[in-house]
Amino acid sequence: MEPSLFTWDVVNALRSITYNLGHENRRNEALTAAELSCIIMPDYSDEDDISKEKHAEAVRALSQAQSEMGKRAESLQNARKCHTLFRELADKDPEVFNPGFANALDNLANQLSNMGLREEALHAN
């Protein structure tokens, strides 16, 4: 197996672990898993839509874990990053990436609202 493929498998596993730990209210461990998934993420070309999607999903998981731990500024920063990545993908292939973009937009609006930026949340697109 190619090393970068193995690394993506680990990133995806850590993202799943992040959500599972979060559902069990083990928030600190969820945040650690999410941070690790973003640290070990392999480099990829800007044209590699599948890797960009995996990157965006890992960043969304990190944003949500940060929010659960009360790290609102960091969470908003990563929600914006996830939103940007998914917007780029959805602009290229809406049929494939609009569901991910919708989830990213929902997360961004939630994080904006958590920061008291409700008007901006209402107009997020």
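A residue is counted as buried under 20% relative accessible area, as exposed over 50%, and as partly exposed in between. The structure analysed here is a predicted model, and the side-chain contacts, the pocket and the nonpolar core described below are all computed from it.

By this scale arginine 26 is partly exposed, because its relative accessible area of 37% falls between the two limits. The side chain of arginine 26 meets that of glutamate 24 in a salt bridge, with an N to O distance of 3.3 Å, and it also meets the side chain of glutamate 29 in a salt bridge, for which the N to O distance is 2.8 Å. Glutamate 29 is likewise partly exposed, at a relative accessible area of 39%. Through shared partners, these salt bridges join Glu24, Arg26 and Glu29 into one network.

Asparagine 25 is placed in the loop between helix 1 (3-23) and helix 2 (27-39). The backbone of asparagine 25 has a phi near 60 degrees, which is a positive value in a residue other than glycine. With a relative accessible area of 54%, asparagine 25 is exposed, because this value lies over the 50% limit.

Over the whole structure, the search for salt bridges finds eight. One of them is formed by glutamate 57 with arginine 15, for which the closest N and O atoms are 3.4 Å apart. Glutamate 57 belongs to helix 3 and arginine 15 to helix 1, so this salt bridge ties together parts that are 42 residues apart in sequence. Glutamate 57 is buried, with a relative accessible area of 16%, and arginine 15 is buried as well, with a relative accessible area of 18%; both residues are classed in this way because their values lie under the limit of 20%.

The count of aromatic pairs comes to one. This pair is formed by tryptophan 8 and tyrosine 44, whose rings lie 6.2 Å apart, centre to centre, with an angle of 55 degrees between the planes, and the arrangement is classed as tilted. Tryptophan 8 is part of helix 1, whereas tyrosine 44 lies in the loop between helix 2 and helix 3 (49-68), so the pair ties together parts that are 36 residues apart in sequence. As to accessibility, tryptophan 8 is buried, with a relative accessible area of 5%, whereas tyrosine 44 is partly exposed, with a relative accessible area of 25%.

The largest pocket holds about 160 Å³ of space. Its lining consists of Thr18, Tyr19, Gly22, His23, Arg27, Ala30, Ala61, Gln64, Ala65 and Glu68. Helix 1, helix 2 and helix 3 are the elements that give two or more residues to this lining. In terms of residue character, the lining of the largest pocket divides into four nonpolar, four polar and two charged residues.

The largest nonpolar core is made up of 10 residues, namely Ala56, Val59, Cys82, Leu85, Phe86, Leu89, Ala90, Phe97, Phe101 and Ala104. At least two residues of this core are supplied by each of helix 3, helix 4 (72-92) and helix 5 (94-114), and the largest share, five residues, comes from helix 4.

Two further residues were considered together with positions distant from them in sequence. Leucine 108 is found in helix 5, where it counts as buried at 6% relative accessibility. Between leucine 108 and valine 11 the separation is 97 residues in sequence and 22 Å in space, taken from C-alpha to C-alpha. Methionine 115 is found in the loop between helix 5 and helix 6 (118-122) and counts as partly exposed at 36% relative accessibility. Methionine 115 and isoleucine 17 are separated by 98 residues in sequence and by 26 Å in space, again from C-alpha to C-alpha.

Terms used
Residues numbered from 1 in each chain as written. Predicted model: local features only at pLDDT ≥ 70, side-chain atom pairs only at ≥ 80, totals over all residues. Heavy atoms only, no water. Helix = DSSP H or I, 4+ residues; strand = E, 2+ residues; numbered from the N terminus. Buried < 20%, exposed > 50% of the residue type's maximum accessible area, 1.4 Å probe, protein only. Phe/Tyr/Trp six-rings, centres within 6.5 Å; stacked < 30°, edge-to-face > 60°. 1 Å grid on protein atoms, 1.4 Å probe; cavity = no way out; pocket = protein on both sides within 12 Å on 5 of 7 lines; lining within 4 Å. Points joined across faces, edges and corners; volume = space filled by probe spheres on them. Nonpolar A, V, L, I, M, F, W, Y, C, P; charged D, E, K, R; others polar. Salt bridge = Lys/Arg side-chain N within 4 Å of Asp/Glu carboxyl O. Core = buried A, V, L, I, M, F, W, Y, C linked by side-chain atoms within 4.5 Å.
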